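Dear colleague,

I am passing on the structure we spoke about, together with some notes on what turned up when I went through it. Please look at it first and then read on.

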Amino acid sequence: MTSHSSPQPVDRVLELERELQTPACRADEARLRELLAADFLEIGASGRRWDLHSTLAMLRDESVEGDRADIRLTGLTARTLAPGIIQVFWESERGGQRARRTSIWCERAGGWQQVYHQGTPVRHQV
């Protein structure tokens, strides 16, 4: 076995999660369609339910409106739920808003795709 083997699945999914939060990726609909599954579903930090179509529309608007504030990721970890299924956990901070987040990625014929994402707001503790 060579030292140039492909990344472990968890490492690869963590790379993809980081990429998905970058302004460049969020503005690239073709790349988003590669990373987000056709049956993608999100429960946003607002409580709103998003599917692939509404997510792409929101990100398109975000790109046009120039709302490209960086998303800061902290505490990025993952666990394998089953072969080909990885759950990612992290916290985001963007424009003073913090949320705890989780994503589920599935390995499909075209590679890894996110099928589910949820964000839960984090309120400042007193």
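Is Ala 38 buried or exposed? Please bear in mind throughout that this is a predicted model. Ala 38 lies in strand S1, and because its relative accessibility is 71%, above the 50% that an exposed residue must exceed, Ala 38 counts as exposed. The C-alpha atom of Ala 38 is separated by 8.7 Å from that of His 53, a residue 15 places away along the chain.

As for the overall layout, the protein chain contains 4 helices and 6 strands, and their order along the sequence is α-α-α-β-β-α-β-β-β-β. The protein chain has 126 residues, of which 35% are buried. If one takes the contacts between residues at least 6 apart in sequence, 42% of them join residues that are at least 24 apart.

Two residues in the strands may be worth reading side by side. Phe 89 is found in strand S4, while Ser 103 has its place in strand S5, and although 14 residues separate them along the chain, their C-alpha atoms are 6.8 Å apart. Phe 89 is partly exposed, because its relative accessible area of 30% falls between the limits of 20% and 50%. Ser 103, by contrast, has a relative accessibility of 0% and therefore counts as buried. Leaving aside neighbours within four places in sequence, Phe 89 is in contact with Gly 75, Leu 76, Thr 77, Arg 79, Arg 101 and Thr 102. On the same basis, the residues that Ser 103 touches include Glu 17, Ile 86, Val 88, Trp 90 and Gln 114. Tyr 116 also belongs to the contacts of Ser 103, and the two residues, 13 apart in sequence, are 5.4 Å apart from C-alpha to C-alpha.

Turning to the interior, nonpolar side chains in soluble globular proteins tend to be buried together. The largest nonpolar core here has 19 residues, and those that touch the most other members are Val 13, Leu 20, Leu 32, Leu 35, Val 88, Trp 105 and Trp 112. Two or more residues of this core come from each of helix H1 (9-20), helix H3 (29-35), S1, H4 and S4, with H1 giving the largest share, 4 residues. Leu 32 is in contact with Leu 20, Cys 25, Arg 26, Leu 56 and Leu 59, once its neighbours within four places in sequence are left aside.

The cysteines deserve a short note of their own. Cys 25, one of the contacts of Leu 32, counts as buried because its relative accessibility is 4%, under the 20% cut-off. Cys 106 has a relative accessible area of 14% and so is buried as well. A search of the whole structure finds 0 disulfides.

Finally, there is the largest pocket, which has a volume of about 750 Å³. Its lining is made up of 33 residues, and Arg 26, Glu 42, Met 58, Arg 94 and Arg 101 are those that lie nearest the centre. By type, the lining residues divide into 13 nonpolar, 10 polar and 10 charged. At least two lining residues are supplied by each of strand S1 (36-43), helix H4 (52-64), strand S4 (85-94), strand S5 (97-108) and strand S6 (111-121). Arg 26 is also a contact of Leu 32, just as Arg 101 is a contact of Phe 89.

With kind regards

Key: Residues numbered from 1 in each chain as written. Predicted model: local features only at pLDDT ≥ 70, side-chain atom pairs only at ≥ 80, totals over all residues. Heavy atoms only, no water. 1 Å grid on protein atoms, 1.4 Å probe; cavity = no way out; pocket = protein on both sides within 12 Å on 5 of 7 lines; lining within 4 Å. Points joined across faces, edges and corners; volume = space filled by probe spheres on them. Nonpolar A, V, L, I, M, F, W, Y, C, P; charged D, E, K, R; others polar. Core = buried A, V, L, I, M, F, W, Y, C linked by side-chain atoms within 4.5 Å. Buried < 20%, exposed > 50% of the residue type's maximum accessible area, 1.4 Å probe, protein only. Contact = heavy atoms within 4.5 Å. Disulfide = S-S within 2.5 Å.
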